[in-house]
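Notebook open, model loaded. I'll jot down what I look up as I go.

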Amino acid sequence: MLWGRCLVSAGRQSCRCKVSFIKRQYGFLPDDVKSLRAVVTPDISKIRNIGIMAHIDAGKTTTTERMLYYSGYTRALGDVDDGDTVTDFMAQERERGITIQSAAVTFDWNSHRINLIDTPGHVDFTLEVERALRVLDGAVAVFDASAGVEAQTMTVWRQAEKHSIPCVCFLNKMDKPAADLKFSMESIRQKLKANPILLQVPVGSGRNFSGVVDLLTNQKLIWRPGSARDDGRVFETHTLDQSVEPELVQEVGEARAALIEQVADVDDEFAELLLTKFSDDFDAVPPVELQEAVRRVTLTRKGVPVLCGSSLRNKGVQPLLDAITAYLPAPDERHHDLVRWYKDDLCALAFKVLHDKQRGPLVFLRIYSGTVKPQTAVHNLNRNCTERMSRLLVPFADQHVEIPSMSAGNIALTVGLKQTVTGDTIVSSKASAAAAARRAQNHGGTGKGEHPSIILSGVEVPEPVFFCTIEPPSTAKQPDLENALSCLQREDPSLKVRVDPDSGQIILCGMGELHIEILHDRIRREYGIETDLGPLQVAYRETVLHEASATNTLDRTVGERRHVVTVQLTVRPAEGAVCEVTFTKELEEQLTAEMKEAVKNGVDSSCLQGPVLGCPVQGISALIQSVTTAAGTSPTMVSACVSRCMLKALRLAGGQVLEPVMSLEVTVGEEHLSAVLGDVAQRRGVVRDIQSRHDSKVLLASAPLAEMMVSPSGSPFGFSDPHGRPVLSSQGYSTALRTLTSGNATFSLELAAYEAMSSQDQNNLLRRAAGLL
């Protein structure tokens with residue numbers, strides 16, 4: 001519906017403002033630092049659970065630091081370069097100047113309680129963004145105003161869309177010479193397929209950026225250098241003057257008219273208001289009415305408010321905080337279907353685990369219903385166990401304050417839950433879960449398993465793309481290393497650890513070179529173990545080309561007991577990254593739950609090593625047609641028979657190697673573009689698009705990970721010598737790009753998908769692998 005366009009063209013008038021000046025100060029005096037114990041505990045409608053998400057180096061952590069300072073919870077402004085920010089508290093984060101793990105902080109602003117999670121921007125730590133967005137109600141997407149939408153911005157935006165999270169956009173770094181409002185707005189519209197709604201117009205550009213004009217109120221907010229120790233706490237509010245700033249007044253009038261038109265196009269209630277009450281003068285719409293309309297548009301995800309500022313220069317953060325409370329949803333405005341069955345009983349989701357040397361595991365909970373109190377027993381539905389919660393804390397990065405209770409809608413930190421892991425549903429008791437299940441059943445809820453319809457959906461964990469061996473300095477340190485890896489796995493589900501069945505070596509599987517490097521460093525610093533990492537290798541996958549059936553019989557006597565089992569099954573290609581197991585209708589009814597589990601275990605074990613390269617198998621479906629067993633046959637023997645039968649079927653179905661293909665974005669000057677294009681072609685890359693960004697070109701391409709990570713002197717596929725030691729490192733492409741462009745280019749890599757290798761490339765890979773034997 002396009003009422004807005006017609007209405008604004010009929011009733012638009014110029015902005016007429018009276019001259020006035022007010023000096024405003026938000027927050028507290030610098031020396032008056034609030035205690036976490038004083039955090040307001042408002043009604044659920046005044047709570048905001050938000051995340052800060054962006055591409056790396058867009059200014060997420062700096063923005064978070066300013067929010068804490070202006071709200072009165074820190075004494076000084078932290079700086080990423082100085083390594084003294086609140087949310088980047090890990091040694092590795094402060095040394096590298098990047099966010100590695102998400103950090104939660106709690107503070108209040110204008111009688112609202114804000115639970116904020118600062119997330120990483122690096123692609124290797126995308127799980128941290130995923131599990132944060134799973135439990136949040138809203139998000140602030142931070143953009144570098146000179147770059148607009150970047151590679152990782154698109155990734156985190158897709159994650160937010162998957163969870164239907166309303167967003168507010170903040171165009172940061174407006175003080176940069178290349179900052180471009182129109183370019184950034186267009187990139188949001190084109191690349192994110194979003195509807196950006198501009199709420200502010202910047203005053204000045206580049207180094208002269210001094211503030212913004214609020215399009216809802218027509219107020220100009222100016223931050224003067226040198227006021228209040230130049231910390232941005234104090235700023236001036238002016239109304240616009242036609243005689244002094246005619247160009248700005250005209251720009252604001254046009255921008256406000258466009259804002260009214262945009263909102264009216266997507267909000268029927270606001271369009272009706274314009275028609276009935278303000279048809280003669282649309283500019284007379286009260287700011288409150290316009291703000292309510294923008295809020296409705298934001299909550300329904302028909303548009304995203306856009307604000308401007310420069311966090312590093314302490315400009316524009318207070319209006320951003322106002323926008324968070326004004327436009328993003330409260331917990332009770334988000335609908336979680338399963339939660340209603342619990343009524344006032346506790347229902348919470350564990351979304352993150354940290355290990356503390358003194359207190360043990362610290363579990364982050366998002367409370368959806370009920371109340372959490374320390375020294376109480378809770379029930380874990382996923383683990384089917386009861387644990388005692390000894391202490392309850394308010395999270396504030398690495399500093400926490402103990403509290404007596406926490407109500408629905410909040411994020412809590414608990415001590416004492418030793419079995420709980422990421423994705424587990426926590427309830428008050430078995431009885432409350434049973435009551436919720438009965439309510440769900442009475443209202444038509446269905447499911448399979450003990451409590452299928454009352455377990456909250458967990459967190460999707462991406463598959464690793466790199467692996468390497470890790471060895472302790474001595475055999476005596478082996479148990480310590482295993483304990484350290486167990487703790488790190490519980491903290492980070494994207495870390496996979498397995499033991500090589502042939503060599504007995506421990507294999508680390510991670511999301512990228514930086515991911516594994518950070519884990520290696522944490523083992524040394526936090527657990528005091530000097531380990532050795534083997535060479536980094538690409539994690540290939542395998543799948544099948546055709547449908548194939550197989551039958552296998554196992555007849556084995558163990559002691560005085562004879563085990564006989566015959567299995568018949570069919571494997572076929574399927575969509576997805578898993579090995580799906582299904583049974584015929586008759587078999588589904590005949591087999592016990594124990595036997596079904598044994599069959600699935602057999603399928604899973606056979607999918608760990610494919611028939612081509614011994615890589616994990618994905619994208620197949622196994623239909624179990626018959627399972628015949630003699631009396632007394634153990635489930636273990638059934639699993640073994642199924643595994644052997646699966647291997648037969650996989651060989652008959654024909655193997656196909658899948659390789660991780662990366663999405664590549666290179667920003668380079670036009671004079672070096674042809675050289676970069678030639679290099680991408682040599683790496684089996686496919687160019688998808690070439691875009692312009694100011695005076696530079698942005699090359700978008702896809703290329704195999706092994707080709708992008710191999711050193712300039714190395715060979716593809718991760719092998720560089722007859723002994724099979726792969727030379728894989730992000731420094732490989734980084735070095736090549738720096739040589740081609742004389743250091744005048746930047747790039748980013750992100751996993752796009754696993755794709756089938758061509759016959760020639762697969763044969764080359766197999767020949768290289770055969771040379772290693």
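Started with charges over rings. This is a predicted model, and in it the charged end of R498 sits over the ring of F467, with 5.7 Å to the ring centre. I noted a second case: R233 lies over the face of Y69, 4.3 Å from the centre of that ring. I'll come back to Y69 below, since it turns up again in a helix.

Next entry, aromatic pairs. How many does a search of the whole structure find? I got three. The one I wrote down is F351 with F364, a tilted pair at 5.9 Å centre to centre and 50 degrees between the planes. The angle falls between the cut-offs of 30 degrees for stacked and 60 for edge-to-face, so tilted is the label. I then checked where the two rings come from: F351 is in strand β13 (residues 347-356) and F364 is in strand β14 (residues 360-369), so the pair ties together parts 13 residues apart in sequence. Are these two phenylalanines buried or exposed? F351 has a relative accessible area of 2%, so I logged it as buried. F364 comes out at 3% and counts as buried too.

Back to Y69. I looked up helix α2 (residues 60-70), and eleven of its eleven residues are buried. Y69 is on that list, along with charged ones, including K60, E65 and R66. What covers the buried residues of α2? I found strands β2 (47-54), β3 (103-109), β4 (112-118), β5 (138-144) and β6 (167-172) among the covering elements, and also helix α10 (317-327). Just after α2 I noted G72, which takes a positive phi of about 95 degrees.

I wanted more on the helix neighbour. Two packed helices are described by the angle and the distance between their axes, so I pulled both. The axes of α2 and α10 come within 10 Å and cross at roughly 85 degrees. That crossing angle makes α2 roughly perpendicular to α10. Which residues make the contact? On the α2 side I have T63, R66, M67 and Y70, and on the α10 side V317, Q318, L320, L321 and I324. Sorted by class, the contact has six nonpolar, two polar and one charged residues. The charged one is R66 of α2.

Then backbone oddities. Most residues other than glycine have a negative phi, so I went looking for exceptions. R301 is one: its phi is positive, about 60 degrees, and it is not a glycine. I placed R301 in the loop between α9 (287-299) and β12 (304-308). Its relative accessibility is 36%, so R301 goes down as partly exposed. N384 is another non-glycine with a positive phi, about 55 degrees. It is found in the loop between β16 (376-380) and β17 (385-389). N384 has a relative accessible area of 39%, so that one is partly exposed as well.

Last, some totals for the whole protein. I count 20 helices and 36 strands. How much of the protein counts as buried? The figure is 56% of the 773 residues. I also checked contacts between residues at least 6 apart in sequence, and 74% of them join residues at least 24 apart.

Key. Residues numbered from 1 in each chain as written. Predicted model: local features only at pLDDT ≥ 70, side-chain atom pairs only at ≥ 80, totals over all residues. Heavy atoms only, no water. Phe/Tyr/Trp six-rings, centres within 6.5 Å; stacked < 30°, edge-to-face > 60°. Helix = DSSP H or I, 4+ residues; strand = E, 2+ residues; numbered from the N terminus. Buried < 20%, exposed > 50% of the residue type's maximum accessible area, 1.4 Å probe, protein only. Lys NZ or Arg CZ within 6 Å of the ring centre and 35° of its normal. Contact = heavy atoms within 4.5 Å. Axes fitted to C-alpha atoms, helices over the stretch in contact; angles between N-to-C directions. Parallel < 35°, antiparallel > 145°, perpendicular 65-115°, else oblique.
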